[in-house]
Each structure stands twice: as C-alpha cells, then as structure tokens.
Amino acid sequence: MGVQLQDISEIPVYYQERMLKLPRDVHYGLVIVDVVPNSPADKAGLRRYDVIVKLDGKEVKGLIDLRKHLYVEKEIGDKMTVGFYREGKYREVTLTLSEETL
C-alpha cells in the first residue's frame, strides 16, 4: 500500500480521541504514520493519521490481519477497498495493489 503503520492499541486513548478523533467505540485498527509518495495509498488519497479499520469490508484488528489479507487473499493488480477514519468520519477508498505494495 505504501504506508508505515502503527497499531492503534499502542496509541494512548487520549490521543485516539483528541488527535485522531476516533469514535469512542473504535479500539482497533492501524494508524498511518507515513505515506510513501506516489504509492497506491498516496494515489488513493490516504493521509498521515488516517486509521485503517477495514480491508474489502473485513475488520482489520492489527498488522497480522493486514498482512494476511494482502499476502493470502490479494495479488498484484487487484483492487482493494480500504475503510478508514479521518477526523472522526468513516470513509472508503479503492486502490490498486502494485509490487511495492506487497
């Protein structure tokens, strides 16, 4: 995808609510720490501090879920829908996986 990620469980609740503006009932997912320029994530419009919670409609609890989805269920060239929170609002984007993604 072209992102550096951190598990939401590693972020203090105060920052989850104040900085990331996550709804109180969201306690899972992956925070985008950095987006690689011209990567599939960048081209799809994902940004730093977005919190990924779904891939193709399936909840992403952590890095293991993300890796399993990418390496087992996807191939280069496949499209993938990413569900995420930005500024407290749920959004979705679709990106196309490339070699640097996997």
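I take buried to mean under 20% relative accessible area, exposed over 50%, and partly exposed in between, with a 1.4 Å probe and protein chains only. I am working from a predicted model, in which local features need pLDDT of at least 70, side-chain atom pairs count only at pLDDT 80 or more, and totals for chains, interfaces and linings use all residues. Residues are numbered from 1 along each chain as its sequence is written, and side-chain values use heavy atoms, with hydrogens and water left out.

**Entry 1. Arg47**

I looked up Arg47 and found a relative accessible area of 49%, so Arg47 is partly exposed. Arg47 sits in the loop between α2 (40–44) and β3 (51–55); helices (H or I, at least four residues) and strands (E, at least two) are DSSP runs, numbered from the N terminus. I then listed its contacts, meaning heavy atoms within 4.5 Å. Leaving aside residues up to four places away in sequence, Arg47 touches Ile32, Val35 and Arg86. Arg47 and Arg86 are 39 residues apart along the chain, and their C-alpha atoms are separated by 8.5 Å.

**Entry 2. Strand β3**

I next examined β3, where four of the five residues are buried and the strand is mostly covered. I count two strands as paired if DSSP finds at least two bridges between them. β3 pairs with strand β2 (residues 30–35) in the antiparallel sense over two bridges, and Val31 stands opposite Val51 in β3. With β5, the pairing of β3 is antiparallel over four bridges. I noted that Val51 has Tyr85 of β5 as a bridge partner, while Leu55 has Val82 of β5. Two bridges also join β3 to strand β4 (residues 58–59), again antiparallel, and there Leu55 stands opposite Lys58. The hairpin of β3 and β4 has two residues between the strands, and Asp56 takes a positive phi near 50°.

**Entry 3. Strand β5**

Why is β5 described as largely enclosed by the rest of the structure? I record that six of its eight residues are buried, and β5 is therefore largely enclosed. I found β5 paired with strand β6 (residues 89–96) in the antiparallel sense over eight bridges. Thr81 stands opposite Thr94 in β6. β5 and β6 form a hairpin with two residues between them, and Glu87 in the turn has a positive phi of about 55°.

**Entry 4. Lys74**

Is Lys74 buried or exposed? Its relative accessibility is 14%, so I enter Lys74 as buried. Lys74 lies in the loop between α3 (63–73) and β5 (79–86). Its side chain reaches the backbone oxygen of Lys79 at 2.9 Å. Beyond residues up to four places away in sequence, Lys74 touches Asp56, His69, Lys79, Met80 and Leu97.

**Entry 5. Cavity**

I searched for cavities on a 1 Å grid over the protein atoms alone, a cavity being a set of points where a 1.4 Å probe fits but cannot get out. Points are joined across faces, edges and corners, and a volume is the space filled by probe spheres set on them. I obtained one cavity of 30 Å³ or more. The largest cavity holds about 40 Å³ of space. Which residues line the largest cavity? I list Val13, Gln16, Glu17, Leu22, Pro23, Arg24, Val26 and His27, lining residues being those with an atom within 4 Å of a point. By class, I enter four nonpolar, two polar and two charged residues in this lining. Ala, Val, Leu, Ile, Met, Phe, Trp, Tyr, Cys and Pro count as nonpolar, Asp, Glu, Lys and Arg as charged, and the others, Gly among them, as polar.

How values were computed. On a 1 Å grid over the protein atoms alone, a cavity is a set of points where a 1.4 Å probe fits but cannot get out, and a pocket is an open set with protein on both sides within 12 Å along at least five of seven lines; lining residues have an atom within 4 Å of a point. A polar contact is a pair of N or O atoms within 3.5 Å; within protein, one must be able to donate a hydrogen and the other to accept it, and residues adjacent in sequence count only if both atoms are side-chain atoms.
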